[in-house]
Amino acid sequence: MRKVRASIIGFGSVGQGVAEVLLRKDEELKSLGIDLDVVAIADSKGAEVNVAGIDLKAALGRKREFGTVAIDDLTGEDVIKSVDHDIVIETTPTDIETGGIGLVNMVAAFEFGRHVVTSNKGPLALKYRELVEAAKEADRKLLFEATVGGAMPIINLVRDTLAGNEIISVEGILNGTCNYILTRMMEEHASYEQMLAESQELGIAETDPTYDVEGIDTACKLVILANSIFDQDATYQDVDVTGITKVTLESLSLAHDEGYVIKLIGEVKKDRLRVSPRLVPVSHPLAVGGTLNVASVCTDLAGTITVTGRGAGSIETASAILSDIISIYKD
């Protein structure tokens with residue numbers, strides 16, 4: 001049995017989802033030879049540290065009742081540097097302009113010899129090469145399946161299952177909010193503004209939806225795919241981005257009459273990174289509805305492999321984080 005000590009840095013929706021999944025899957029982890037204890041949890045107000053292992057159920061209860069797990073006046077960076085542990089589960093909010101505290105945390109983790117598993121797109125979209133080099137220099141792992149498709153595997157699919165194939169392209173729907181709005185516009189014969197408001201009421205879209213509806217979220221995911229799959233050194237500036245704000249009910253109806261739907265498609269090839277609304281035949285594998293994500297991976301040997309799944313949600317994203325943790329220690 002391998003004893004693993006972890007920290008959860010960032011205890012919002014995804015961080016709490018990780019705690020719930022670790023509680024639920026404790027026996028499965030042990031059956032794989034992994035005895036994992038969370039020895040520190042940090043949120044924006046402080047941290048809880050227990051080298052013997054935190055009671056995750058109690059921590060979740062305190063977070064929900066008081067809005068924080070803070071017992072000690074420590075930041076996430078303080079925890080990473082001062083608490084003896086093996087792996088940092090980095091789930092702080094994404095900042096695509098500077099990388100934010102997530103970038104600071106990841107750099108500190110490698111400096112102190114800790115693996116990193118993350119759902120945070122910002123640092124990888126901005127500083128992918130530097131982070132990969134820092135992990136390599138520290139002889140630690142940096143895994144980030146949760147940054148692109150939530151529960152839907154893309155990076156690990158390419159690296160593991162499709163190993164040996166040349167990847168020609170990856171394209172798909174990588175933002176559930178946009179897909180929901182476009183789907184509901186046709187279902188209700190309603191305007192973009194009406195369905196955006198509905199998605200905000202349901203908590204599918206943020207109060208400020210710019211990140212999603214302008215295609216920024218999808219573009220960041222394409223950058224991560226370009227760098228991790230195609231070994232590029234791309235940034236957000238390399239992506240040709242058009243969002244869905246100018247898609248009208250009339251254009252959706254015209255497309256429908258011709259047997260098409262309009263979807264926000266992200267596409268990455270060796271020579272192109274593009275996000276834009278595109279016509280997709282109604283019978284095409286990419287024509288999924290609601291909040292679903294879908295990705296088609298075109299290869300030289302296996303042909304085109306298409307995967308569909310939930311691209312967001314705390315438990316769904318945590319499932320990808322759990323998969324990455326297992327991949328580090330099962331070897």
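Visitor: Which helix does L29 lie in?
Guide: Keep in mind that we're looking at a predicted model. Find residues 26–31 along the chain, and L29 lies within that run. The helix there is α2.

Visitor: Is L29 buried or exposed?
Guide: The relative accessible area of L29 is 3%. Buried means under 20%. So L29 counts as buried.

Visitor: Which residues is L29 in contact with, leaving aside its neighbours within four places in sequence?
Guide: One partner comes from way down the chain: I326 is 297 residues apart from L29, yet their C-alpha atoms are separated by 7.8 Å. With the neighbours within four places left out, the contacts of L29 are L22, I34, L36, L322 and I326.

Visitor: How are α1 and α3 arranged relative to each other?
Guide: Two packed helices are described by the angle between their axes and the distance between the axes. For α1 and α3, the axes come within 10 Å and cross at roughly 150 degrees. Angles over 145 degrees count as roughly antiparallel. That is why α1 and α3 are described as roughly antiparallel.

Visitor: How many nonpolar, polar and charged residues does the contact of α1 with α3 have?
Guide: On the α1 side you've got Q16, A19, E20, L22 and L23, and they meet L56, K57, L60, K63 and R64 in α3. Sorted by class, the contact of α1 with α3 has five nonpolar, one polar and four charged residues.

Visitor: Which residues does V14 contact, leaving aside its neighbours within four places in sequence?
Guide: V14 lies in helix α1. UniProt, in an unreviewed entry, lists V14 under "binding site", along with G10, F11, G12, S13 and G15. Skip the neighbours within four places, and V14 is in contact with T91, S119, S314, T317 and I321.

Visitor: What about S13, buried or exposed?
Guide: S13 lies in helix α1, which covers residues 13–24. Its relative accessible area is 51%, and the cut-off for exposed is over 50%. So S13 is exposed.

Visitor: Is K121 buried or exposed?
Guide: K121 is covered by the "binding site" annotation in an unreviewed UniProt entry, and K121 lies in helix α6. Leaving aside neighbours within four places in sequence, K121 is in contact with T94, T147, Y211, D217, K221 and I224. With a relative accessible area of 12%, K121 is buried.

Visitor: How are α6 and α12 set relative to each other?
Guide: Helix α6 spans residues 121–138 and helix α12 spans residues 216–229. Their axes are 9 Å apart, and the helices pack at an angle of about 55 degrees. α6 passes α12 in a left-handed crossing. The angle is why α6 and α12 are called oblique.

Visitor: How do the residues of the contact of α6 with α12 divide into nonpolar, polar and charged?
Guide: From α6, the contact uses K121, L124, A125 and Y128, while α12 brings D217, C220, K221, V223, I224, N227 and S228. The contact of α6 with α12 divides into six nonpolar, two polar and three charged.

Visitor: Which residues does E206 touch, not counting those up to four places away in sequence?
Guide: E206 is found in the loop between α10 and α11, and an unreviewed UniProt entry lists E206 under "binding site". At 53% relative accessibility, E206 counts as exposed. Not counting residues up to four places away in sequence, E206 touches Q200 and D212.

Methods
Residues are numbered from 1 along each chain as its sequence is written. This is a predicted model: local features need pLDDT of at least 70, side-chain atom pairs count only at pLDDT 80 or more; totals for chains, interfaces and linings use all residues. Side-chain values use heavy atoms; hydrogens and water are left out. UniProt positions are given in the numbering used here, feature names are shortened, and annotations may be inferred rather than shown by experiment. Helices (H or I, at least four residues) and strands (E, at least two) are DSSP runs, numbered from the N terminus. Buried means under 20% relative accessible area, exposed over 50%, partly exposed in between (1.4 Å probe, protein chains only). Contact means heavy atoms within 4.5 Å. Axes are lines fitted to C-alpha atoms, for helices over the stretch in contact, and angles run from 0 to 180 degrees between N-to-C directions. Angles under 35 degrees count as roughly parallel, over 145 as roughly antiparallel, 65 to 115 as roughly perpendicular and the rest as oblique. A crossing is left-handed if the near helix is turned anticlockwise from the far one by less than a right angle, and right-handed if clockwise. Ala, Val, Leu, Ile, Met, Phe, Trp, Tyr, Cys and Pro count as nonpolar, Asp, Glu, Lys and Arg as charged, and the others, Gly among them, as polar.
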